[in-house]
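Hi,

Here is the structure I promised to pass on to you. Have a look at it first, and then read on for what turned up in it.

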Amino acid sequence: MRPTGEGADARTASDVGYIDHRLLEHDSDEQFLAHVVPYILEGLEVGEPALLVCSPRMVQLAQDTLGVEASEQVRFADAETWGSGNVAARVLAIDWDIRKMLGAASRCRVIQEFTWQAAPQQREWLRHEAATNLLRPASEVSFLCTADTRTHSPEYLAELRRTHPLIAPDRPNDEFADPRSYLAQADARLGTPAPPTADTSEAVQDADLHAMRQRVTAAARTAGLGEYQIQCVALAATEVVANALHHAQKPATIRTWDEENLFSCEVSDHGSGIQDPLASYRPPAPAGGRCGLWLARTFSDEVRIVSSPEGTIVRMTFSH
């Protein structure tokens, strides 16, 4: 794996045991461009196409600096709208573009910027960043993740550093946390318990899914969610309950409630627990297959999963 930019004799990602996954913290447009543009150009020189997913302003800055010829070899996307504005949906869109790039090259590069400010989306992005270290072969892709210190809190930036093994340009990150431990800690506590007033129902067999879906839909509509969000709630709840009925002991219990502009939907079961902690972070393969937990993340603003040999609790939240 080739070092990039200054500090070329520092250890690379492979030396610390993970993929080339770098964090760039910047406090000016000039600092952003000083790292991102060479990173793209060095990749193009060795046949590695690039995808840049940033705010519209940063996309325009990168295009202007790269010039027409280089820009034509880069895929640009608006981070504020790409992937329907949802964290997991954007991850899936990036995954599809990586597959396309690898169809024409042996390796590619991704530059991505986090643009959300709401806490649920921030927490969800951190989970995906941690999981990225375990889901990608080091030989296929390099990631450069950018964070503008002018728009994010010190607390968030500190958490972001825990999910990246390298600091740009290629310095090993002493603050990096083991991804599996990070994910386990992120979901160790669900937060506030479901209130006593939560609407509760049970599904014992697949035939109960229709009635459960109608009840969840009605609860989301009463909470004031828009029609698109209502459909997201219904689909996410159906996928998670169906997953519980397929893998765990029956019944599956579902609770819904609305507090402080967050609609919550919680599914619990009494199965043997989720064996693969990365199951809900792994985008579905093109050939298909079961992906209920991934779809729940795709439809929700945040998903928390607490699993043990005694059972699993999946809590999905939707901002409104």
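The buried residues of helix α10 are covered by, among others, helices α4, α5 and α9 (227-247) and strands β11 (302-308) and β12 (311-319). Those buried residues are Gly 292, Leu 293, Trp 294, Ala 296, Arg 297 and Thr 298. With six of its eight residues buried, α10 is largely enclosed by the rest of the structure. Please keep in mind throughout that this is a predicted model.

Just along the chain, the loop between β10 (262-268) and α10 (292-299) holds Pro 277. Is that proline buried or exposed? It falls in between: because its relative accessibility is 48%, where exposed would need over 50%, Pro 277 counts as partly exposed. If you want to find its surroundings, try Ser 307: the two are 30 residues apart in sequence, and their C-alpha atoms lie 8.9 Å apart in space.

Two of the helices that cover α10, namely α4 and α5, also meet each other. The axes of α4 (residues 87-102) and α5 (residues 119-135) come within 9 Å and cross at roughly 35°. On the α4 side, the contact is made by Val 87, Ala 88, Arg 90 and Val 91, while α5 brings Gln 121, Glu 124, Trp 125 and His 128. Sorted by class, this contact has four nonpolar, two polar and two charged residues.

Helix α5 turns up once more at helix α6 (residues 154-161), where it helps to cover the buried residues, along with β1 (20-26) and β5 (141-148), to name some of the cover. Which residues of α6 are buried? They are Tyr 156, Leu 157, Leu 160 and Arg 161. These four sit on the same side of α6, because they cover an arc of only 140° around its axis. In general, an α-helix has 3.6 residues a turn, so residues three or four places apart point the same way.

Now for the chain as a whole. It contains ten helices and twelve strands. Its radius of gyration is 21 Å, close to the 20 Å that the globule rule gives for 320 residues, so the chain is as compact as a globular protein of that length. The C-alpha trace spans about 60 × 40 × 35 Å along its principal axes. Of the 320 residues, 53% are buried. Among contacts with a separation of 6 or more, 72% link residues 24 or more positions apart. The exposed area comes to about 14,400 Å², with carbon and sulfur atoms supplying 51% of it.

Enjoy exploring it!

Best wishes

Key
Residues numbered from 1 in each chain as written. Predicted model: local features only at pLDDT ≥ 70, side-chain atom pairs only at ≥ 80, totals over all residues. Heavy atoms only, no water. Axes fitted to C-alpha atoms, helices over the stretch in contact; angles between N-to-C directions. Contact = heavy atoms within 4.5 Å. Nonpolar A, V, L, I, M, F, W, Y, C, P; charged D, E, K, R; others polar. Buried < 20%, exposed > 50% of the residue type's maximum accessible area, 1.4 Å probe, protein only. Arc of directions from axis to C-beta. Rg over C-alpha atoms; globule rule 2.2 N^0.38 Å. Areas by Shrake-Rupley, 256 points an atom, 1.4 Å probe, with all protein chains shown as cover.
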